[in-house]
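Colleague: Hi! Please give me a close look at the largest pocket, and follow the chain outward from there.

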Amino acid sequence: MITESYINKLIEQYAKSPAGRAAIKKKTGIEYVDKDPTAVLTTYGEQMKNILYKHVNALIKSITPDDIVVQKPYMDKDGLWRLEVSFKEGSLERDSLYLDGDDPVLHNIVLLFAKGYNARNHVYGWWITKWGNHGDVRSRRERDGSDFLIQAVNEFNNGAGKGIARAELLGDYKECSET
């Protein structure tokens with residue numbers, strides 16, 4: 001009987017061979033140098049991270065490359081390799097205008113820019129800057145959503161990942177692709 005581990009062993013042997021290395025290089029542009037198949041997958045994760053950073057930082061200058069994390073690849077229950085590119089915990093929080101009793105923290109700046117918002121009224125508050133200056137501030141009442149996350153996914157899927165790897169939005173971000 002042919003088992004999954006037997007097939008994986010054959011794939012690994014082929015990837016280590018000169019012909020396998022050449023085929024991987026030709027198809028992906030990546031040099032196979034590790035017996036660990038997750039090394040190549042992590043390279044795709046890093047490519048997606050760079051694309052995501054470019055698109056997010058174009059709108060939200062406070063996002064840094066260190067705010068985006070590439071998780072270790074894993075095989076799901078369907079036998080597909082997956083890896084998650086996400087934002088570091090706490091990196092999306094921003095100070096917000098404070099109103100008595102309201103939460104003074106915006107918890108996800110990326111979703112705010114992606115989905116947009118439409119408030120009934122302006123919010124007024126007192127803003128303290130890093131220079132110690134402060135003043136009365138009036139918020140915007142609305143902001144159109146932006147498709148920068150969809151653009152990042154499409155750029156990866158039609159470029160670096162084309163025919164090999166596929167990016168998709170998950171969780172709360174998935175709603176951004178359904179607009």
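Modeller: Happy to; I will start with the whole protein, move into the pocket, and then visit some individual residues.

This is a predicted model, in which local features need pLDDT of at least 70 and side-chain atom pairs count only at pLDDT 80 or more, while totals for chains, interfaces and linings use all residues. Residues are numbered from 1 along each chain as its sequence is written, and side-chain values use heavy atoms, with hydrogens and water left out.

The protein has 179 residues, 27% of them buried (under 20% relative accessible area, with exposed over 50% and partly exposed in between, using a 1.4 Å probe and protein chains only). Its secondary structure comes to 5 helices and 10 strands (DSSP runs numbered from the N terminus: H or I of at least four residues for helices, E of at least two for strands). The accessible surface is about 12,400 Å², and carbon and sulfur atoms own 52% of that (Shrake-Rupley method, 1.4 Å probe; for residues, only the protein chains shown count as cover). Taking contacts between residues at least 6 apart in sequence, 49% join residues at least 24 apart (a contact is heavy atoms within 4.5 Å).

Now to your pocket. The largest pocket holds about 1,600 Å³ of space. Here a pocket is found on a 1 Å grid over the protein atoms alone, as an open set of points where a 1.4 Å probe fits, with protein on both sides within 12 Å along at least five of seven lines; a lining residue has an atom within 4 Å of a point. The volume is the space filled by probe spheres set on the points, which are joined across faces, edges and corners.

The lining counts 45 residues, and L41, W81, R82, L83 and A165 lie nearest the centre of the pocket. By type, the lining divides into 30 nonpolar, 6 polar and 9 charged residues (Ala, Val, Leu, Ile, Met, Phe, Trp, Tyr, Cys and Pro are nonpolar; Asp, Glu, Lys and Arg are charged; the others, Gly among them, are polar). The elements that each give at least two lining residues are helices 1 (4–16), 2 (18–28), 3 (38–59) and 5 (148–158), together with strands 2 (74–75), 3 (81–82) and 4 (85–87). Helix 3 supplies the largest share, at 6 residues.

P73 is a good way to approach the central residues. It sits in the loop between strand 1 (68–70) and strand 2, and its 7% relative accessibility is why it counts as buried. Beyond four places in sequence, P73 touches T38, L41, T42, W81, R82 and L83; among these, L41, W81, R82 and L83 are also named nearest the pocket centre. The C-alpha atoms of P73 and L83 are 4.3 Å apart, with their positions 10 residues apart in sequence.

E168 also meets R82. This glutamate is found in the segment after helix 5 and is partly exposed, with a relative accessible area of 34%. Apart from neighbours within four places, E168 is in contact with R82 and V153. Its side chain makes a polar contact of 2.8 Å with the side chain of R166 (a pair of N or O atoms within 3.5 Å; within protein, one must be able to donate a hydrogen and the other to accept it, and residues adjacent in sequence count only if both atoms are side-chain atoms). E168 and E84 are 84 residues apart along the chain, yet their C-alpha atoms are separated by 9.7 Å.

V153 brings us to helix 5, whose buried residues are F148, L149, A152, V153, F156 and N157. These buried residues pack against helix 3 and helix 4. On the helix 3 side, I51 belongs to that helix and is buried because its relative accessible area is 11%. I51 touches A152, E155 and F156 when residues up to four places away are set aside.

Helix 4 (109–115) is preceded by the loop containing N108, which follows strand 6 (105–106). At 18% relative accessibility, N108 counts as buried. The N108 side chain reaches the backbone nitrogen of L111 at 2.9 Å, and it also makes a polar contact of 3.0 Å with the side chain of Y173. Outside four places in sequence, N108 is in contact with L92 and Y173.
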